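Please open the structure in your viewer and keep the selection tool at hand. This tour goes from the whole molecule to its interior, one selection at a time.

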Amino acid sequence: MISKPEREKIIALIQREVVPAIGCTEPMAVALCVAKATEILGCRPDKTDAYLSANILKNAMGVGIPGTGMIGLPIAIALGELIGKSEYGLEVLKDCSPESVEEGKKIIADQSIHIALKENITEKLYIEIICTKGNDKATAIISGGHTNFVYLSRNNEVLLDKRTSSTDEHESEDVQLTMRKVYDFAMTAPIDEIRFILESKRLNKSAAEASFKGSYGHELGKTIKSSKIEQSIMGNNTFTHILSYTSGACDARMAGAMIPVMSNSGSGNQGIAATVPVVIYAEENKKPEEELIRALVLSHLTVIYIKQSLGRLSALCGCVVAATGSSCGITYLMGGNYRQVTYAVKNMIATLTGMVCDGAKPSCALKLTSGVSTAVLSAIMAMEQKYVTAVEGIIEDDVDLSIHNLTRIGSQSMNATDDMILDIMTHKHCCP
């Protein structure tokens with residue numbers, strides 16, 4: 001049984017990691033850092049320098065910025081200067097208007113924004129913003145987490161400096177999770193203490209429904225939902241509804257729709273993939289609200305647990321992690337017990353490990369669809385007592401060791417892959 005103090009720590013952890021975000025979290029984190037530096041400066045800067053880690057650059061190059069009809073970091077930085085409010089967190093640009101976009105375009109045209117790779121850092125999530133106006137200078141640094149400020153200064157006055165301590169603001173406070181603890185918490189926590197997780201259902205399902213009414217990205221969700229060819233091949237059933245709603249929410253988010261989603265561990269796509277499949281399965285199978293709440297908590301907390309050792313950003317696609325969470329939630333809704341949940345996890349790790357992240361972009365909807373389709377298949381196999389065993393690949397008898405094998409690959413051995421992906425992305429010859 002999980003003690004009340006530990007339960008409260010886990011609830012606080014979920015509430016920190018499962019938060020609303022508008023747009024891709026990497027450019028939003030950059031805009032947040034710009035907004036903070038501008039606030040410290042006390043006026044709009046004449047010049048803004050952004051020094052970013054490779055993973056931040058990779059995830060911000062090809063994604064739409066909400067409310068702008070534009071992609072990439074320059075407009076995010078310009079709007080961070082103009083209308084960004086640091087108090088909004090990852091919804092920093094929610095006050096964006098057509099007028100501010102036009103003003104942002106002028107800032108870009110003035111070439112007052114400079115973006116560069118931050119050299120000689122090991123942290124994969126690093127944002128350093130320097131805003132200057134005349135002889136005044138303000139600096140803000142985010143590191144380790146998308147909203148985790150570790151350094152703030154104005155001219156020679158240091159306002160905050162946590163760079164010598166852990167880059168994760170809450171690392172010392174976080175409970176050490178295991179898959180057993182994740183499951184036990186989700187199953188036993190008083191329902192009123194975890195009811196807040198239903199907000200993820202409201203936001204992420206609404207994002208999917210909004211995508212069906214517009215034209216976003218590659219329109220994968222809308223295609224699965226309405227294409228006669230797709231219907232003739234895949235049918236009109238719970239499985240295709242899971243795929244269409246999940247990919248639809250991703251379509252809208254990656255295209256830069258001004259639609260909030262509930263993120264997980266700093267990623268909106270992870271939040272979508274951890275939420276939507278579970279919600280659609282529960283609704284179409286008429287599961288009671290309490291079961292849905294517990295399934296969502298199981299899904300989201302599984303993602304948080306895996307990300308604790310994987311890290312915020314890596315060369316490993318986040319849909320592997322997030323879809324693993326939703327597979328656990330669906331397995332529980334199917335009537336599965338803890339053992340069957342661990343089977344689902346092993347099936348997921350054995351299937352999707354190695355899917356690379358080549359930045360945030362509209363085609364992420366295809367990757368999320370691959371992830372959640374595997375999630376459903378893994379859950380079905382788990383319910384039939386079928387799972388990948390310890391004699392196969394990187395799977396071990398112990399589910400936690402299997403998870404750590406996955407995260408070791410993603411956080412350690414794929415570093416060279418990450419470098420190669422960024423090199424390809426920054427040197428490819430695109431068609432006009």
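**From the surface inward**

Begin with the surface of the whole protein, which in this predicted model exposes about 17600 Å², with carbon and sulfur atoms supplying 51% of that area.

Next, switch to the C-alpha trace, which spans about 70 × 50 × 40 Å along its principal axes. The radius of gyration is 21 Å, and this agrees with the value near 22 Å that a compact globule of 432 residues would have. In a cartoon view, you can follow 18 helices and ten strands.

Now colour the charged side chains, of which 42 are positive and 49 are negative; the centres of these two sets lie 3 Å apart.

Then turn to the interior, since 56% of the 432 residues count as buried. In soluble globular proteins, nonpolar side chains tend to be buried together. Which residues have the most contacts inside the largest nonpolar core? Select Ile14, Leu177, Met179, Phe185 and Leu298, which hold that place in a core of 90 residues. Add helix α13, residues 289–310, which gives the most to this core, with twelve residues.

Stay with Phe185 and show its surroundings: leaving aside neighbours within four places in sequence, Phe185 is in contact with Ile2, Arg7, Ile10, Ile11, Ile14, Ile194, Val297 and Leu301. Apart from this core lies another, of 42 residues, and selecting Ile77, Ile83, Ile113 and Ile129, which are among them, will show you where to look.

Finally, step back to the whole protein, where residues 24 or more positions apart account for 75% of the contacts with a separation of 6 or more.

Key. Residues are numbered from 1 along each chain as its sequence is written. This is a predicted model: local features need pLDDT of at least 70, side-chain atom pairs count only at pLDDT 80 or more; totals for chains, interfaces and linings use all residues. Side-chain values use heavy atoms; hydrogens and water are left out. Helices (H or I, at least four residues) and strands (E, at least two) are DSSP runs, numbered from the N terminus. The radius of gyration is taken over C-alpha atoms; the globule rule is 2.2 Å times the number of residues to the power 0.38. Buried means under 20% relative accessible area, exposed over 50%, partly exposed in between (1.4 Å probe, protein chains only). Contact means heavy atoms within 4.5 Å. Accessible areas come from the Shrake-Rupley method with a 1.4 Å probe; for residues, only the protein chains shown count as cover. Lys and Arg count as positive and Asp and Glu as negative; His and the chain ends are not counted. The place of a charge is taken as NZ of Lys, CZ of Arg, CG of Asp or CD of Glu. A nonpolar core is a set of buried Ala, Val, Leu, Ile, Met, Phe, Trp, Tyr and Cys residues joined through side-chain atoms within 4.5 Å.
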